[in-house]
Amino acid sequence: MAATHTATLNPVKITVTGTSENTIDLDALCDGGEAEMYVEWVSGTTVQLNFNDKAITAASSALNTTQTKYIFTYKKSQWVRCKGGAGSETFNIGVF
């Protein structure tokens with residue numbers, strides 16, 4: 001199955017589609033097996049995020065007007081999963 005979003009730019013702006021889980025493939029931005037990545041809230045309600053291809057749960061990280069940024073380790077071939085509260089949330093994501 002293909003990812004909902006495949007990043008080819010670094011950083012890339014993502015708009016969550018719907019309120020179901022979306023997947024983000026950052027492999028094209030990752031030179032080795034791992035890379036540091038960041039996410040930064042842009043607009044909308046809360047976006048739940050989980051990393052290394054783990055499903056969204058109540059304990060997943062939340063990105064919103066209060067918690068606007070995260071930095072995590074991205075492991076190649078393990079997608080980022082995200083889910084919006086209203087379905088039109090936007091955030092930036094990139095690898096460095």
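Ile 24 in strand 3 stands opposite Val 80 in strand 8. This pairing belongs to a predicted model, and the report starts from strand 3 before turning to the whole chain.

**Strand 3 and its neighbours**

Strand 3 covers residues 22–25. Three bridges join strand 3 to strand 8, which spans residues 80–84, and the two run antiparallel. Strand 3 also pairs with strand 1, residues 5–6, through two bridges, and here the direction is parallel. In that pairing, His 5 stands opposite Ile 24. Ile 24 therefore has a partner in each of two strands by the DSSP bridge assignment: His 5 and Val 80 in strand 8.

Are the residues of strand 3 buried or exposed? Both faces of the strand are covered. Asn 22 and Ile 24 lie on one side, Thr 23 and Asp 25 lie on the other, and all four are buried. Buried here means that under 20% of the relative accessible area is left.

**The sheet**

Which strands make up the sheet, and in what order? The sheet is open and has five strands in the order 1-3-8-5-6, with mixed pairing. Its edge strands are strand 1 and strand 6 (61–63), each of which pairs on one side only. At the strand 6 edge, strand 5, residues 47–50, is joined to strand 6 by three bridges and runs antiparallel to it. One bridge pair there is Leu 49 with Ser 61 in strand 6.

The table lists three pairings within the sheet.

| Strand pair | Bridges | Direction |
|---|---|---|
| Strand 1 and strand 3 | Two bridges | Parallel |
| Strand 3 and strand 8 | Three bridges | Antiparallel |
| Strand 5 and strand 6 | Three bridges | Antiparallel |

**The chain as a whole**

The protein chain has nine strands and zero helices. Read along the sequence, its pattern is β-β-β-β-β-β-β-β-β. Contacts between residues 24 or more positions apart make up 72% of the contacts with a separation of 6 or more.

How does the radius of gyration of the chain agree with that of a compact globule? A compact globule of 96 residues would have a radius of gyration near 12 Å, and the protein chain has 12 Å, so the two agree. Along the principal axes, the C-alpha atoms fill a box of roughly 35 × 25 × 25 Å.

Of the 96 residues, 41% are buried. The chain exposes about 5000 Å², and carbon and sulfur atoms supply 50% of this area. There are 7 positive and 9 negative side chains, and the centres of these two sets lie 4 Å apart.

Conventions:
Residues numbered from 1 in each chain as written. Predicted model: local features only at pLDDT ≥ 70, side-chain atom pairs only at ≥ 80, totals over all residues. Heavy atoms only, no water. Rg over C-alpha atoms; globule rule 2.2 N^0.38 Å. Buried < 20%, exposed > 50% of the residue type's maximum accessible area, 1.4 Å probe, protein only. Contact = heavy atoms within 4.5 Å. Areas by Shrake-Rupley, 256 points an atom, 1.4 Å probe, with all protein chains shown as cover. Lys, Arg positive; Asp, Glu negative; His and termini not counted. Charge placed at Lys NZ, Arg CZ, Asp CG, Glu CD.
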